[in-house]
Amino acid sequence: MNLETNYLGLRLKNPLMPGASPLVDDLGMVRRLEDAGAAAIVMHSLFEEQIELERAARERDVDSYTESFAEAITYLPTEDDFNETSDQYLQLIGKIKAAVSVPVIASLNGITSGGWVGHAKLIEQVGADALELNYYDLPSNPQKSGAEVEQRALDLVAAIRKEVSIPIAVKLSPFFSSLPHFVSRLTEAGANGVVLFNRFYQPDINIDDLDVDPVLELSTPSELRLRLRWLAILSAQIETSYAATGGIHRAEDAIRAIMAGAHSVQLVSTLLTKGPERLGVILADMVQWLEEHEYESIAQMRGTMNLKHSPDATAFERANYLRILKSWTPSL
Amino acid sequence: MSANLEPQTAVRSPKASTLDANEAVASVAYRLSETIAIYPITPSSPMAESCDEWSAKNRKNLWGSIPSLVEMQSEAGVAGAVHGMLNSGALTTTFTASQGLLLMIPNMYKIAGELLPFCFHVTARALATHALSIFGDHSDVMACRQTGFVMIASNSVQEAQDMACISHAATFETRVPFMHFFDGFRTSHEVAKFHPLEDDVLRGMIDEETIRAFRSRGLSPDHPTIRGTAQNPDVYFQAREACNPFYNAVPKAVQGAMDRFAALTGRQYHLFDYSGHPEADRIIVAIGSGAETAEETAHWLNEQGQKVGVVKVRLYRPFNVEAFIASIPASVKSIAVLDRTKEPGSLGEPLYLDVVAALAEARSSGLSQFACEPVVIGGRYGLGSKEFDPSMAKAVFDELLAERPKNHFTIGINDDLTGTSLAYDPQFDLEPSDVVRAVFFGLGADGTVGANKNSIKIIGEETANFAQGYFVYDSKKSGAMTISHLRFGPRPIAAHYLIKRANFVACHQATFIEKFDVLGYAAPKGVFLLNTPFGADVIWEHLPREVQKQIVEKELKFYVIDAASVSRAAGAGGRTNTIMQTCFFAISGVLPRDEAIEQIKKAIKKTYGRKGDDVVAKNFAAVDQALAGLHEVAVPANNLCGHAMAPTVPEGAPDFVKQVTATILEGKGDDLPTSAFLADGTWPVGTTQWEKRNIADKLPVWDSSICIQCNKCAFVCPHAAIRSKHYSTELLANAPEGFQSVPMRAQAGQSFTIQVAPEDCTGCTLCASVCPAKSKTDPSHKALTMTDIPERSKQAAQYAYFLDLPYPDRTLLKPDVKSSQFAQPLFEYSGACTGCGETPYIKLLTQMFGDRLVVANATGCSSIYGGNLPTTPYTTDANGRGPAWSNSLFEDNAEYGLGFRFAIDKQSAIAQEILTGLAPQVGETLAGELLANVNARDEATLAAQRQRVVVLREKLASMDSLAARRLADVADYLVRKSTWILGGDGWAYDIGYGGVDHVLSTGANINILVLDTEVYSNTGGQMSKSTPFGATAKFAMAGKARPKKDLSLMAMSYGNIYVARVAFGAKDAQTVKVFEEAESFDGPSLIIAYSHCIAHGYNLKSGLEQQKLAVESGTWPLFRFDPRRAEQGLAPLQIDNAPPKVRVADYLRNELRFRTKPENLAAFEAAAQEQVNQRVALYQKLAGIGGTEESK
């Protein structure tokens, strides 16, 4: 069975890889992922915001106390002796590179253009094979138009493209007015692919403390549908690399994503709950399915169910709305 | 714009470096050592810290090996370890000062007695006598002159480094141990340009043969010898004298080493260096940095046609008469010997006595070259870093002209009690005009000192100029002011004293000009740079008149900048230091402007570079925009329109505060004469209330409509700056405008107020953070919300009114959180850090037991914010009662407190004995009631007992007998006293542990409260045995590899001690309960109190949440071990917290100290979790032990 796929110009032995998650913080875990068959390792994001917060905290909570009191010119050992998130992250890339032979895809979430570009360069320098830009921009500013939000992303991709030569994927949220237009412009700006879709931390309200608690719930297979639709629509029209992430828990989910047009499939929730070996199980199931259904390669089925090839293309478009609503019968 | 202050010419030295003496000396000691034992003590700690850092970073010594460091529990421990290291053949060093040096003395005798080659370095510091002083003098080193150590002194950064090298080399040659010392702070902390010693020079100085010989003498079972024998009268004396040849050889060997050093470096030293007129008639003999000042003065006087000179003593022990006499010109007629120490009752101070004896010996042995024996006078100067400047040195030279010069004089103070002081002219100034002198006023938090250190580095290393910086810090830990004194000039700078006339004065905080005589430092025609939100066009009218007057009279060039706006506009964050630094360079012209800016940017890049280009770019932008924001002010010629500066303390302050405290607050404490002080170190209490510091940026504002009256805000306030009262509603009649009040819950006729002390609040936000009352309609709004400063004066009036309202009757207060805060805090407005985690405990202690409280306080943070001048926080209630507080030492505090207890108990016993005898006279009922209630502790009985004492005193007053008078003396001891022993973990776990353990074992009714910050906080965050596993601290750079010592478990093992752990932020009710139970326990109690601290590296406004996480993760268990429960058949140990419900990592990750190197992080967190799991299990088991079966 030929499972090979080409994602972002990287030749991968199969389409399965762990998506951005804390799993990669543990090198043992990373090795187990590779042993289970992961075709690449996607790292969790380096958040520029966190770096900025750490810097501000250092200034406020450490530096501001120095040189103030005769008996204690400082209160902590020098800065070099502590972990900075960015140092840690860059070191981690190096360590993962040394630990595994598959490509390592680093991920970055910036807040300033300088930050995006600066950290992208550093990530390239330490040897990442590709860079996933986690464009996680929650528009909360009433003054900012949708076009401006998109333009900012396009400018960023172009700026980073100018400075780094490794492949760039852009990880998107589904909340854009015209994803096809936006994705096509992203590829023009220099992106080598898109990752569909980001999952947001959804804040919940604590009614006892009148507080807001951040909550992260793991994905469910039902979330895959949204990805399938957009993979189907986009891959049929825009030539670029696609990764599916969110809601892939079983071999069948992965197969659906590939049929909708994905070149690679990222697993997170299922690995977090069932361990890295789950990737191997899904891979084996996928091979079995392919064999049972007499496929020869992954390439053979990629995009077969997208807008261009699907026997019922309208199902991916608005038309299916009514039908589904009608099919839902209350159990009362 | 340049004010043309640039120095003229100078020699560029390619290899120069700019460091302080601590680092320069440590670099030599480190490279020449194999084992180093350390313990923190100011001002020597940075040397140990540097060595620790280098060792952690695998820096090698001269022989390619990384020195091994060990932190000991005290300096006595260091001395013991050092003795062992030396006897086992390792090249060893250490660093210390003051009390630490005293603790080493017993071993110094041993080390010298065994002729062990060893060199250690002392930042000479005052000793604690009538008061503690962290500052410089020679009291400590002079207390060691009898130990047999060689004593060698250095006077500057350059010399300190050089003499360290000479000493290490000479000790191996002579086998006699060396104590190298230099002036604490003045030299140890002075940053100066100097020539660092390369490894080759060190190599050239060390004779490998002498090291080989040293090692061969080391104790070894392979060729055993025995040392430390006990000797009998037959041989001890002769054997003691057997070392004489070695001592006799020292002077020559040291001079030999100095000569060798000169050959390698070109810098020649002698045992005694004479500097001055070859035919001088008057000389000064001195040791240390003061000798440099005397030398500078002598040169100036010689230029004026006088004939004077200075003998700088380098090798003080052994004192070599021959070399000393030879150093003095034969023409000398009179000699003034300056000692930087005081020996009350002696014939004179040590150097004076040595000089007198040396001259006498020289004469009798025919060495004297004098036709007429010189007159010798001795005097004291510079105690506790008192300034010694050329005006004082000149006064000493002048005194020598007198027919009968005053002997045993003092210089630099006004001794109006015994008239010892010499008069001097404070206006005298000899600093050459080609030396740029700049003084900067800043806040500790604004980074002024850091930027100035960088300026010195830039000028020192990038230009041919010599540079020097000295920094004066505040005695408060929050809102601290710094004054930087910078000099730049074409010649090495020998002026080791503060700048009095600066040609550049910068004030980085506009509020300072309202409080201090900032321009008192300005020289005529100098420059004044003010950071102010007011523009050049309007600033004039906002200046105090006194400031205007000085600008006009001194013809100052006056510039303003709004650095905060510049920084904000550039997006560079809060720190304005680089902006002000840019302005300094631009105005002073010390360096071409572009070059200066390039260098500043280099430093910014170094500081922020690893944090991203964006931050660097913003800071660059701030620097670039600084000059656009810098404006010269057109000074009006005759318009002194400004307001008068407010009085330092209010009119209502007591006379002592107005006359003494206020003078110190104004920065003019130097002017106070000896008669201003009580001779025994006693000071009045309750003086912080007169120092209104106004340091908060935001204040909590109370919304009475949603307040649930829980009093938690007052409970957590570190500065007693938010308070709660309930009072009769009728009293509100005269309330000032805006005074808030609501009906007291569940108490009809009573009103309730939460009131902020607007001028004392530090803005830490803990009160707003703990406030549980949120608005139902807008949960972002709480009953306390931090708000930009409303009208402070109105609030101040409200606070004054609040303070005048009566406190609720103590006898009605219950021992719970809410009630505790209705009691008056008798510890208020201390200088502790903003958000301090220790002081809420102390405040609570004074609220619960303050009117009968006696406190023994170990040296450390709590003794500094508790007792550092100018103002102190312990105060009194309306009856004049309040905590009696004292600090003895660091190491002896438990014993000191035990002493209190014994003395109190004895006086109580005496009172009871006499009262029993006098019962018929004073009345059997009264006597009986008094005797029955001597140990009563509830508030009502205490009040009644005090009333009985009043009656008793009245009766005694009418009785004319010795017994009655004796009883009157001790009658107060018929009322229970509460003895508390306070200190930090450095004391309780380390240096004072032996005492803590012993005092606990005595069964005495004392209470030990350990304010546990898990590091030596006061000296800058060094590891203690309380430091938890994995925490990075100084001396534990890679994270502490061993677990925290469980002091509570050790104390519990006695079985008869009340032991508890508390964390007020996690469970305030348990804290109150513990204090109550500990105080009521008739025996020793130990409370270990979690205290969040700036040394933990996070925003202390989250201190309470962190305390909660510490408890909820099981890291900091809350429990009480009460021996009384065993008597009731119950298990003595009760766990007061629920089983852990969050991961240890959730607690650890919030604090920088736990963020160790990445490779260790996961393993460390797992190990930390495992340790906590085991401890939780252990405590749960222990909680099941000891009760009877039924009780379980």
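Select first β27 and β28 (residues 750–756) of chain B: these strands run antiparallel and are joined by two bridges. Strands pair if DSSP finds at least two bridges between them; helices (H or I, at least four residues) and strands (E, at least two) are DSSP runs, numbered from the N terminus. The model is a predicted one, in which local features need pLDDT of at least 70 and side-chain atom pairs count only at pLDDT 80 or more, while totals for chains, interfaces and linings use all residues. Residues are numbered from 1 along each chain as its sequence is written, and chains are lettered from A, with ligands numbered from 1, in the order in which they are written.

Within this pair, Pro743(B) stands opposite Ser751(B) of β28(B). Extend the selection to β26 of chain B, and an open sheet of three strands appears, in the order β26-β28-β27 with antiparallel pairing. Because β26 (722–728) and β27 (742–743) of chain B are at the edges with a single partner strand each, one side of each has no neighbour in the sheet.

Next, add helix α26 (residues 792–804) of chain B, which lies across β26 and β28 of chain B and runs at about 135° to β28(B). Angles run from 0 to 180 degrees between N-to-C directions, and axes are lines fitted to C-alpha atoms, for helices over the stretch in contact. Contact requires that the C-beta atoms of two residues, placed from the backbone, lie within 7 Å.

Move to Ala720(B), in the loop between α24 and β26 of chain B. Its phi is near 50°, a positive value in a residue other than glycine. Ala720(B) is buried, with 28 other C-beta atoms within 10 Å. Gln709(B), in the loop between β25 (698–702) and α24 (712–716) of chain B, also is not a glycine and has a positive phi of about 60°. Gln709(B) is partly exposed, with 19 other C-beta atoms within 10 Å. A residue is buried if 20 or more other C-beta atoms lie within 10 Å of its own, exposed if 12 or fewer, and partly exposed in between, with C-beta atoms placed from the backbone.

Two cis peptide bonds may be selected next. One joins Arg317(B) and Pro318(B), with omega about -5°; Pro318(B) is in the loop between β13 (315–317) and α12 (321–327) of chain B. In chain A, the bond from Leu196(A) to Phe197(A) is cis, with omega near -10°.
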